[in-house]
Amino acid sequence: MVTREDIENIALLSKLFVDEKDLDSLTEEMQKIVAFADTINNAEVTTGEFDNINNLSNAFRKDEVRPSLPVEEILSNAPEQAEDHFLVRKRA
Amino acid sequence: MGQIKRIHDMLVSGEITCTELTKRFLEEIENSNKELNAYITVTPETALAQAAAVDEKLARGEEIGMLEGVPMTLKDNISTKGIPTTCASKILTGYKPIYDATVYELLLKEGVVMLGKTNMDEFAMGSSCETSYYGGSKNPHSLDHVAGGSSGGVASAVGANLAVYGLGSDTGGSIRQPASFCGIVGLKPTYGAVSRYGLIAYASSFDQIGPITHDVEDAAIVFDAIAKYDDRDSTSQGSEPTLNGLYDDIAGKRIGIANQYLDGVREDVKQAVLDAAKAYESMGAEIVYFELPELDFALPCYYILAMAEASSNLGRYDGIRYGYKAEHYNGTHDMICRTRSEGFGKEVQRRILMGTYVLSAGYYDAYYKKAVNLRGAIVEAFDRAFGCCDVILAPTAPVTAFKSGYLFGEETDPLEQYLSDICTVPVNTAGLPAVSIPCGEDSEGLPIGMQLIGKKFDEKTILNLAYKYEQSESKFKETKWGVKL
Amino acid sequence: MRYELVAGFETHVELQTATKIFCSCTTAFGGDPNTHCCPVCIGLPGTLPKLNEKVVEYAIMAGLATNCEIAEIAKMDRKNYCYPDLPKAYQISQYDKPLCEHGYIQLSNGRRIRILRIHIEEDAGKLIHNHGDTYVDYNRGGVPLIEIVTEPDFRSIDEAKEYVERLQQIMRYIGVSDCRMQEGSMRCDVNISVRPEGSDKLGTRTEIKNMNSITNIAKAMEYEFDRQVELIRSGGAVVQETLRYDDVTGTTSSMRSKEDAHDYRYFREPDLVTINVPRDRVEEIKSKLPELPEQKFARYTSEYEIPEKDAALLTKYRSIAEYFDKAIEGLKSPKTASNFIIGQIFRRLETEADKEAFDVKTSAVQLNELCKLLESGKLKNNLAKTALEKMLDSGDPVTKFVSESDMAGLDDATLTEYCQNAIAAMSAAVADYKSGKEKALMAVLGNVMKQSRGRADAAAVTAKLKELIG
């Protein structure tokens, strides 16, 4: 059963804030969704461990240098930058 | 004749210049977008420059390709260099990629005219286009109804003749369901057929880019152009070309119908599909009924895996390198949390939380690991099914287009949105190709869609069967909107 | 009650491939900030990783060189956590199917340090903190790493030091990394705990990070051992935590804040495919591995009877060992070449860096020629030594400095003449020798050698002098 505390921990891991006032309704919603997910327990899986959806292997790239992009392009979407670095100020 | 071929002929014969054609589309978009809300970003400069290049080629007497000069649109989760790509999310406001998605690069080589980026559910998470930060897109058949999701904007645009075709993405039905709701064609390729490089990821082992078009021939032409191996995408393989197989005779082809697929869909939808089966029989195909009990678990299996992958894929949105950043914060951790909580919509946040939950210590085995193994069982089940048939016929959605606001009303269960994906999701879970085509309409005149599901990399057969039905039954209904050729 | 130390190492080694692990940006050290980046390594939405084949090859080489089993099937996983230096908010690493497992490194005291696993992963970018603000440079983001994890087999700080040195040596020998701790291409984290001597239960361990030299590793381990013992002796309990070593104060202090949860939610990386390593590929890579330091050491000491101390010096750097191997081709006594290298040549190479670079004007072939002349008796030891000095100064072969006549040696008449000259010139020394001071003869001998410009054979001179003096 998903608890309020579970949601708080999950939110921390997900780097999301959950407002105190929303916590109860969110917990209820999550309980419904988890109960929905729980229905897989009714399935009997007799097949072995599934690997992945494509059976490809060894997709490799040669170790050859290609030019990197100019720093202006790399920083072009940065909300804040300084001295060719991405910047996160202490507070705003 | 498909729209693309018609336009190609018109351009080659000089009946219309590419610039004139493009201008007409841009005008219609201007007229109609307020009501339909199909486009997020219209790109007249880009489109007209591309059109001018095509006209120059024609003026020089050079040959042009089939897709050259045909105005199209891209769902706004496909990266376009220098052009805003938002995923219909506040958190990517103003984001301009510094590279083009592979599919766009391929189409640019073909000489396409890109009219703009179309609306979608935020980060492709939704079934009605209503989780979009920019509001939902409307159904060209009825403004009171949704276009569907998550490629709602593309479907709305194509259905309303505001683009000849578009590229959408399908993770759990997001190409097929809006195509079905809007009465047009939507193809989800086999997982790995089309490169995902440049597609902003929702669920990496489910996502595929595919065409949304007016007719099956157009879907084949576009698919053949984009289904190429891409060495930047380790999971890409390309696929077999489809256009030449479109016109093959279908007598003797075995079409399977899973009984479980017909349960739980609305009666009129079920009837439309059964009528289609009869039509196929009259064309010489054989109908085979079979059981696919694993379908019952496809939906929770899909949601566990998709949400898990999504929670990881969306971890990177933290306001440091691009996109929205919280205005007020104290410390890095605070900044990141505020940015994400303010930037992501409610549905996206719900799915991130759920995805984190099923991967977290203590729950990984019970949910994620179990779902992975269940996925294997579903893949095997479809494999077995194809032992008795060549394609599987099924409804695309259990219903027709929702009324606007229905899924997010006061009384609506958050699960209802997920349950409406019941027909499309098993296909993504098994990594198979499927095409949705219109097969009727309901009492309100809203289109009903059916899908043909094929074996891996067998887009050729499903498009062949789709084409034959389309030519024979012509269930496509034109709308009042957009450019009329 | 006495306590013993128990430790394990987790070492991150930067692989010296030309490009990053998942994109084709250069891995070159330095570079202006954010100039070695592309959409993939800054994790732009929609980008996908593509695995560098050399990274897999280098990891397998590292595994083979440390006696590991190489996996037939390996995969990549996502390790999810949020930090500004990690652009995707997950690190692509390997969780439960690493490339290499169950190897070991043998120490000189006989203990085997078991290597639990070696896996490949990507490095994160660099953060610079300035007055609380954070500056981020992603040049280092995506640089390929191997992580080498040992079992908690260490029982002393000396063992730890030796392990790190041997690991460095091996990685440099096989050419997968330059392992420079100061530059960050090798980073060691130590897990350390204490327990009563004789106990076989493991105590609570702490993890120490941020030690950028072997000296600091030793100091940190010493400090932490003492701290833990002191804590337990005073009735406290060791808390499992991550500590950083401060080399200014020589202390460890807690590193993590409570905002960092430790749930990495590992799951298979869906954007990458399985890595298959067929056995013939392993054999192919194995066949291209150079002889390892411990193999060379064994060969030098047992086959060539070179003293262990000298063998250690010769094998320390691959450059020297390979020089030596070439210089001894066809020699009856490799020890001759060894002496020249460790004596005269090393004298010109002051620092460890110089020794490793081994930028010496005389080629191994030229040294080989010199040694052959010495062995054949054509050249005398003293002459050989002076010749080598001139060779090292100029880069010219021995034949430039030693003529036929030099090599002919002295005939008896000339030898007698020189000896008589010396006896006459050095009467004091002769007198000393006659009165019983054996060593005084050396001075007289030196005089003869000087006259002969080194051409005389020392033994023959000694005999002649004794004969003449009486």
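**Figure 1. A salt bridge joins B:Arg350 and A:Glu29 across the interface of chain B and chain A.** In this predicted model, the side chains of B:Arg350 and A:Glu29 meet with 2.5 Å between N and O. Across the interface of these two chains there are two salt bridges. The interface also holds 17 residue pairs in polar contact, with both residues at pLDDT 80 or more. Several helices of chain B take part: α10 (295-313), α11, α12, α13 (365-385), α14 (414-419) and α15 (425-430) each supply at least two residues of the side that touches chain A. The largest share of that side, 13 residues, comes from α13(B). By residue type, the side of chain B that touches chain A divides into 34 nonpolar, 21 polar and 15 charged residues.

**Figure 2. Chain B and chain A bury about 5000 Å² between them.** The size of an interface is often given as the accessible area lost when the parts come together. Of the area buried here, 68% is on carbon and sulfur atoms. In chain B, the residues that lose the most area to chain A are B:Ile98, B:Tyr329 and B:Leu353, which together make up 13% of what that side buries. The contact takes 70 residues from chain B and 48 residues from chain A.

**Figure 3. Helix α1 of chain A spans residues 4-14 and has a buried face.** The buried residues of α1(A) are A:Asp6, A:Ile7, A:Ile10, A:Ala11, A:Leu13 and A:Ser14. Seen down the helix axis, these residues fall within an arc of 160°, so they line one face of α1(A). What covers them includes α2 (20-38) of chain A, along with α11 (332-343) and α12 (346-359) of chain B. After α1(A) comes A:Lys15, whose phi is positive, near 55°.

**Figure 4. C:Arg2 and C:Glu197 form a salt bridge in chain C.** The closest N and O atoms of this pair are 3.5 Å apart. C:Arg2 lies in the segment before β1 (3-14) and C:Glu197 in the loop between β12 (186-196) and β13 (206-211) of chain C, so the pair ties together parts that are 195 residues apart in sequence. C:Arg2 counts as exposed, at 60% relative accessibility, while C:Glu197 is partly exposed, with a relative accessible area of 46%. Over all chains, the count comes to 55 salt bridges.

**Figure 5. Two salt bridges of chain C involve residues of strand β8.** C:Glu122 forms a salt bridge with C:Lys88, and their closest N and O atoms are 2.9 Å apart. C:Glu122 lies in β8 (residues 112-122) and C:Lys88 in the loop between β5 (77-80) and β6 (90-93), so this pair ties together parts that are 34 residues apart in sequence. Both C:Glu122 and C:Lys88 are buried. C:Asp153 forms a salt bridge with C:Arg114, with the closest N and O atoms 2.7 Å apart. C:Asp153 lies in the loop between β11 (144-150) and α2 (157-174) of chain C and C:Arg114 in β8, so here the parts tied together are 39 residues apart in sequence. C:Asp153 counts as buried at 8% relative accessibility, whereas C:Arg114 counts as partly exposed at 44%. Elsewhere, salt bridges that share partners join B:Arg196, B:Asp233, C:Arg78, C:Glu269 and C:Asp271 into one network.

**Figure 6. A:Glu83 and C:Asn67 have positive phi values.** A:Glu83, which is not a glycine, has a phi of about 50°. A:Glu83 lies in the loop between β2 (81-82) and β3 (85-88) of chain A, and is exposed, with a relative accessible area of 65%. For C:Asn67, also a residue other than glycine, phi is near 65°. C:Asn67 is in the loop between α1 (53-65) and β3 (69-70) of chain C, and is partly exposed, with a relative accessible area of 33%.

**Figure 7. The peptide bond from B:Gly149 to B:Ser150 is cis.** Its omega is near 5°. B:Ser150 is found in the loop between β5 (142-146) and α5 (152-159) of chain B.

**Figure 8. B:Pro447 is a buried residue in strand β13 of chain B.** The strand covers residues 447-453, and B:Pro447 has 6% relative accessibility. Leaving aside neighbours within four places in sequence, B:Pro447 is in contact with B:His141, B:Ser180, B:Phe181, B:Cys182, B:Gly183, B:Thr400, B:Gly440 and B:Glu441. The C-alpha atoms of B:Pro447 and B:Lys253 are separated by 26 Å, and the two residues are 194 residues apart along the chain.

Notes
Residues are numbered from 1 along each chain as its sequence is written. Chains are lettered from A and ligands numbered from 1 in the order in which they are written. Side-chain values use heavy atoms; hydrogens and water are left out. Buried means under 20% relative accessible area, exposed over 50%, partly exposed in between (1.4 Å probe, protein chains only). Helices (H or I, at least four residues) and strands (E, at least two) are DSSP runs, numbered from the N terminus. The arc is that of the directions from the helix axis to the C-beta atoms. Contact means heavy atoms within 4.5 Å. A salt bridge is a side-chain nitrogen of Lys or Arg within 4 Å of a carboxyl oxygen of Asp or Glu. Buried area is the accessible area (1.4 Å probe) that two parts lose on being put together, summed over both. A polar contact is a pair of N or O atoms within 3.5 Å; within protein, one must be able to donate a hydrogen and the other to accept it, and residues adjacent in sequence count only if both atoms are side-chain atoms. Ala, Val, Leu, Ile, Met, Phe, Trp, Tyr, Cys and Pro count as nonpolar, Asp, Glu, Lys and Arg as charged, and the others, Gly among them, as polar.
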